[in-house]
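Work through the exercises below with the model open. Try each task before reading its solution.

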Amino acid sequence: MDLRLLGSVDARHAGAVVEVGPDRQRCVLVALVADANRVISAEELIDRVWGENLPLRCRGTLRTYLSRLRQVLDPDAEIGRRAGGYLLTIDPLAVDLHRFRALVRRASATERDADALALLDEALGLWRGEAFAGLDTPWINTLRDAVAAERRSAELDRIDLRLRLGDHNTLAAELSGQVAERPLDERLAGQYMLALYRAGRQADALLHYGEVRRRLGDALGADPTPQLAALHRQILAADPALRLTHTAAPPAGLAWRPVPRQLPPAPGRLSGRRRELARIDEVLSGGGPGTIAIISGVGGVGKTWLVLHWAHRNAHRFPDGQLFVDLRGFAPDGEPMRTELAVRAFLDALGVGPDRIPLDPPAQVGMYRSLVADRQLLVVLDNARDSRQVVRLLPGGSGCSVLVTSRDRLPGLITGHGARPLTLTGLPDTDARQLLVDRLGVRRVDAEPDAVAELIGYCAGLPLALAIIAGRAIVDPGPRLRTWAAQIGDTATRLTALNAGDELASLTAALSWSSAALDPAEARAFQLLGFAAGADIGLPAAAALLGESDGRATARLRALHRMSLLDEHVAGRWRMHDLVRLHASDAARCHRGEDERFAALHRLTGHHVHAAAAADRLLDPHRPAIALAAADCHDGRHAFADEAAALAYFTAELDGLLAIQRQAAEVGLLPAVWQLAWGLSTFTCRQGRRQDLLTAWQLGLAAARELGDAHAELLACHQLGRAHTELGQHAEAVAHLDHALTLAERAGDPVGQSYVLLTLARTWQVHGDGHRAVEHAERSLRVLDGVAEANPVWLSRVLNAVGWYLAQLGRFEPAAAHCLAALDIYRTHPDRNAEADTLDSLGFIAHGAGRYAEALDWYRQALNLLRETGDTSGEADTLDRTAGSLAALGEPREAERTWQQALSHYQDQGRAEDADRVQRELDQLAVPVAD
């Protein structure tokens, strides 16, 4: 029989402690096993099992548990009744706790260090987790703490033996994680100092003593023990007594197995990453085959840093050691490590002599897996190129766990071997700031908060970039952080500034190792995607940019995503990390000729010109069309199923369209500049994006004038006047609109004149001159004589406008006549957005005439149409007026709710004056207190 008290590997080896039933029954067995072959009184057993929480008839319950235990225990373990109590008769070596203690005692009495080390390895190898896992009574908790202390003492004894046997180099790396976790353990501190000293790191040993002394003083107000202080003096004086005088090999015939400790030194303090550390804990917590975690991400995001931090913090969970190999998958020389070399390195670490290693690579893999099959090992495979490089290095043992880092997402390991992925992204701002604090100190960081915020923004959360800046500030502490922020503020030189002059501390080098692994088609896609403006891109636009079919473009995007150079942040939309984009853009300038770059941007802007025009036609089908050049790509990319799809296009693409328009202006794609502004006009107006409308048409006007295109200039001046009007910039609005009107008159374009005149009416109304507003609106109506039948929808819009401006002057009867005439046209010529405006006007007229219930009916009809068309700007105004009618009807609660909705829209749209006005209405509204 094999009873496991010190944790278990799995159900097959768990022993009776797991299989005997409920926790209280397990507590009875532990109470007996802990004192095997000794009589324990019933009172003592009851106290051990229940403490003060005694059940009714506890003696009867105890007898029931004992009876059940007799049925499940093997014949060689017997529970007997004795005078005064109960006795478990069992071979002590059948219990892992007693076997552990016996091995520790033997190790203590053994003269040869190698023999003693082998005994302690065997003793500590019995541990498979927490002692008495899952049980919770006062007596068991006390015993658990005592046994844990015995384990810790044995671990420290084992370190002493390894130091005497000359294993100081491995220990110098291995103990760094332990001292970080147990900063006040002076015995461990002394062992670490001695290992450092013997490894030739005297200065590090002395520095660690200073750190321990400071921590003891801060935490306990105490000095180091005389023993630790004496060791410090010996190290300071390079006392010859500290030298290793002999080494010893394991005795012949002893089954001694090396315990590899190959982890590189623990990195510095890890800033943030709590969620990621918890995720690795979750994946690797259960052990067993298939416990493989893949940590992927772009170069410089901190994959190895995270993995080493976790591995050192959890080294105690792998008593049989840790194997580590840098597979050089993205090494600067472009030569990944051959798998057979990694396997041979592992065999060497596992104690296999060169003469025993098979010549056949598959046989080497078999030997490696055989050696680790029954061990609890952590295998760290760093910087893997692809899944094939990793597969042969996977152990088969149920106690082994594997951590893989790669810039490739390694889908083959996920699908074929059940690996669990974790993709690292940049640090959030709070963690990025903490990284700078950890390296530069809180005073220096707090002294320049604005510069720190800029540095964090420029580095975009990439730990390597932040570390490089911090390192430069440490090496050269003279300049203020503002100076460093200024150096990397220019995107043209940012990557150069993030180069510390060392290949291992160069962001450009780290990123280039990723892009060097791409095939030519993927590299071209990477460079062109980085060169194109816009924060992200959809598939149709990417296909146009690359000049490829959707299928081929998808393959390129997926390849870059797999290599962590591109992120699908929402379904169907792809973006690059800011610093990766800079690297890609630089690479495009180096490797893609000017003609190729221009052609790619021409395809991209052409795609969006046609797509925006198609989407705009769905939003406003009665708006006069403009002539577009033939598309360079097939029309299917410009098709939208309905108005909702058009709205979705603009919502996703707006910021990117504005960026692409700026880039088109820079490279001289002038027709696209004003045509993109045209395509954006309806959406930006309806969404209240007034500044965006203004910026787009400022570029559009410059392009139109450079082209000498009078019609485009007319459109630009008209839209600029419209934007300036909505922004409250009256003089600028009138200047642009007067010029647009002149251009329309010269062109003999009555419809164009009508459009401009109606916008002038709006301009004067916003300026507070209602009479001039009516004058321009009526003039807009008159110039349509003779052409109204060709454009009935525009006629209805002008009729509504005349009615609206008349209503502003209190002339409600003629106002209603004009608006009802407009509404009648919509019955045969539907235009939902214009109809909504007319319904809103009729609501305003009814309200002005004191017919508040009728006003609400008009307003609610208008709101339904405005919401269908996505006109949030018009919706805000109608909600505002609806609330006024509700208040007039004596419904303050509904009025308050409706004004709150309008206020939210106004705030989102940056309409500060409207928001302030509505807030005053809310402040004055008397809402009754609920009962």
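The exercises on this predicted model cover confidence, burial, aromatic rings, backbone angles and one helix.

**Exercise 1. Confidence**

Task: Find the average pLDDT of the protein, and state which stretches stay below 50.

Solution:
- Start with the whole protein: the average pLDDT is 85. A score of at least 70 is reached by 92% of the residues.
- Next, look at residues 8–20, where pLDDT is below 50. The model still gives this stretch 24 contacts beyond near neighbours in sequence.
- Then take residues 247–256, where pLDDT is also under 50. Here the model has 17 contacts beyond four places in sequence.

**Exercise 2. A proline in a loop**

Task: Locate Pro 224, classify Pro 224 as buried or exposed, and list its contacts beyond four places in sequence.

Solution:
- Place the residue: Pro 224 sits in the loop joining helix H10 (202–220) to helix H11 (226–236).
- Check burial. The relative accessibility of Pro 224 is 12%, so Pro 224 counts as buried. The cut-off for buried is under 20%.
- List the partners: Glu 186, Tyr 209, Arg 213 and Leu 216 touch Pro 224.
- Add a distance. Arg 213 is 11 residues from Pro 224 in sequence, and their C-alpha atoms are 6.0 Å apart.

**Exercise 3. A leucine in a helix**

Task: Classify Leu 29 as buried or exposed, and give its C-alpha distance to Leu 73.

Solution:
- Leu 29 belongs to helix H2 (residues 23–34).
- Its relative accessibility is 1%, so Leu 29 is buried.
- Leu 29 and Leu 73 are 44 residues apart in sequence. C-alpha to C-alpha, the distance is 10.0 Å.

**Exercise 4. Aromatic rings and charges**

Task: Count the aromatic pairs, then describe the geometry of Phe 100 and Trp 127.

Solution:
- The whole structure holds 8 aromatic pairs.
- Phe 100 and Trp 127 make one such pair, with centres 5.8 Å apart and planes at 85°. Planes over 60 degrees apart count as edge-to-face, and this pair is edge-to-face.
- Trace the chain. Phe 100 is in helix H5 (residues 96–109). Trp 127 is in the loop between helix H6 (113–124) and helix H7 (138–164). The pair links distant parts of the chain, 27 residues apart.
- Both Phe 100 and Trp 127 are buried.
- Elsewhere, one aromatic cluster is formed by Phe 640, Tyr 649, Phe 650 and Phe 683.
- Finish with charges over rings. The charged end of Arg 385 is 5.5 Å from the ring centre of Phe 330. Arg 772 lies over the face of Trp 764, 3.8 Å from the ring centre.

**Exercise 5. Positive phi**

Task: Ala 238 and Arg 273 have positive phi; state the angles and the burial class of each.

Solution:
- Read the angles. Phi is about 50° for Ala 238, which is not a glycine. Phi is near 65° for Arg 273, also a residue other than glycine.
- Place them. Ala 238 is in the loop between H11 and helix H12 (274–284). Arg 273 is in the loop between H11 and H12 too.
- Compare accessibility. Ala 238 has 35%, so Ala 238 counts as partly exposed. Arg 273 has 5% and is buried.

**Exercise 6. Helix span**

Task: Check the span of helix H28 against the expected value, and name its buried residues.

Solution:
- Helix H28 covers residues 578–591 and has 14 residues.
- From first C-alpha to last, H28 reaches 20 Å, close to the 20 Å expected at 1.5 Å a residue.
- Buried in H28 are Leu 579, Val 580, Arg 581, Leu 582, His 583, Ala 584, Ser 585, Ala 587 and Ala 588.

Conventions. Residues numbered from 1 in each chain as written. Predicted model: local features only at pLDDT ≥ 70, side-chain atom pairs only at ≥ 80, totals over all residues. Heavy atoms only, no water. Helix = DSSP H or I, 4+ residues; strand = E, 2+ residues; numbered from the N terminus. Buried < 20%, exposed > 50% of the residue type's maximum accessible area, 1.4 Å probe, protein only. Contact = heavy atoms within 4.5 Å. Phe/Tyr/Trp six-rings, centres within 6.5 Å; stacked < 30°, edge-to-face > 60°. Lys NZ or Arg CZ within 6 Å of the ring centre and 35° of its normal. pLDDT = per-residue confidence, 0-100. Expected span 1.5 Å × (residues − 1).
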